[in-house]
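The exercises below are meant to be worked through with the sequence and the model side by side. Try each task before reading its solution.

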Amino acid sequence: MQILNSSTLFLLTILLLQINSYAETDDVQIVRGQLACVQLDETGKAHVSKEFTDCSGLLYLIGIDGNLYSLHGSEEEIEKIKQSSKSRMGYRLPLRLKGKSEGHERAWHLYTPSLDLEDSSTKTTVTGLVLCVFPDHVEGNVYPKVADDPCNEAEPHAHFIHTEKGEIYALHGTLEDIVEIEKNPKKENITLEGTLRANQSGWIFYVQ
Ligand SMILES: [Zn+2]
């Protein structure tokens, strides 16, 4: 049974890789994976859920391609994606999402095709707690964690900032800028300068 499962998965992976390689010739690509929502409870603690009707925080796509993406799109598109992420008869098929990806292994973002990124020319500062988001590709899930050490030597992972105002923003920026945040042993009360992008369905803070 185990052998059968492994070989089925192997064939499925080959098939998906082929689909992905065709899609990558275009600007818009297909990314497959499981969806998880990270949101804050009343006490400000970050929680992950795979079964959700609403997500007031950030959506993450744990990609079959091995990348962890924060997901951003128009409110209409995000709503449709959330509806399609229900498990059926106890089994959850990976989603197949169309979009544009941007970033690097420490900050991948996936944008749905019609997302109009807001004008990001206005610089602003945000202050808050930086959390690491580790992917679990086997479970198709994510684990937010407050690191009390530099996290630049940990496996590649994503980050978000939980601001003093109670918002959560996925962090984006050049690899150098992200690694600089990771090298800082302090993750609390951090002030970052940059621009705010995307929308209510999932904000991005682009560190500059
Ligand atoms: Zn980290």
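**Exercise 1. Decide over which residues the pLDDT stays under 50, and how the chain scores as a whole.**

Solution. Begin with residues 17–25, over which pLDDT, the predictor's confidence in each residue from 0 to 100, stays under 50. For this stretch the model has 7 contacts beyond four places in sequence, a contact being two residues whose C-beta atoms, placed from the backbone, lie within 7 Å. Where pLDDT is low, the predicted coordinates should not be read in detail. Next, take the whole chain, which averages a pLDDT of 87, with 86% of the residues scoring at least 70. This is a predicted model, in which local features need pLDDT of at least 70 and side-chain atom pairs count only at pLDDT 80 or more, while totals for chains, interfaces and linings use all residues. Residues are numbered from 1 along each chain as its sequence is written.

**Exercise 2. Find the strands that pair with β12, and state the sense of each pairing.**

Solution. First locate strand β12 at residues 202–207; helices (H or I, at least four residues) and strands (E, at least two) are DSSP runs numbered from the N terminus, and two strands pair if DSSP finds at least two bridges between them. Strand β11 (residues 190–199) pairs with β12 in the antiparallel sense over 6 bridges, with threonine 195 opposite tyrosine 206, and a hairpin of 2 residues joins β11 to β12. Strand β10 (residues 168–172), by contrast, runs parallel to β12 and is joined to it by 4 bridges, with leucine 171 opposite phenylalanine 205.

**Exercise 3. Establish whether the residues on the two faces of β12 are buried or exposed.**

Solution. Apply the cut-offs: a residue is buried if 20 or more other C-beta atoms lie within 10 Å of its own, exposed if 12 or fewer, and partly exposed in between, with C-beta atoms placed from the backbone. On one side Gly202, Ile204 and Tyr206 are buried, and on the other side so are Trp203, Phe205 and Val207. For comparison, buried residues make up 35% of the 208 residues in the chain.

**Exercise 4. Explain why the buried residues of α3 lie on the same side of the helix.**

Solution. List the buried residues of helix α3 (residues 175–183), which are Ile178, Ile181 and Glu182. They lie on the same side of α3 because they cover an arc of only 100° around the axis, the arc being that of the directions from the helix axis to the C-beta atoms. Then look at the face turned away, which carries the exposed residues Glu176 and Lys183. Finally, identify what covers the buried residues of α3, which includes β6 (107–111), β7 (124–136), β9 (158–163) and β10.
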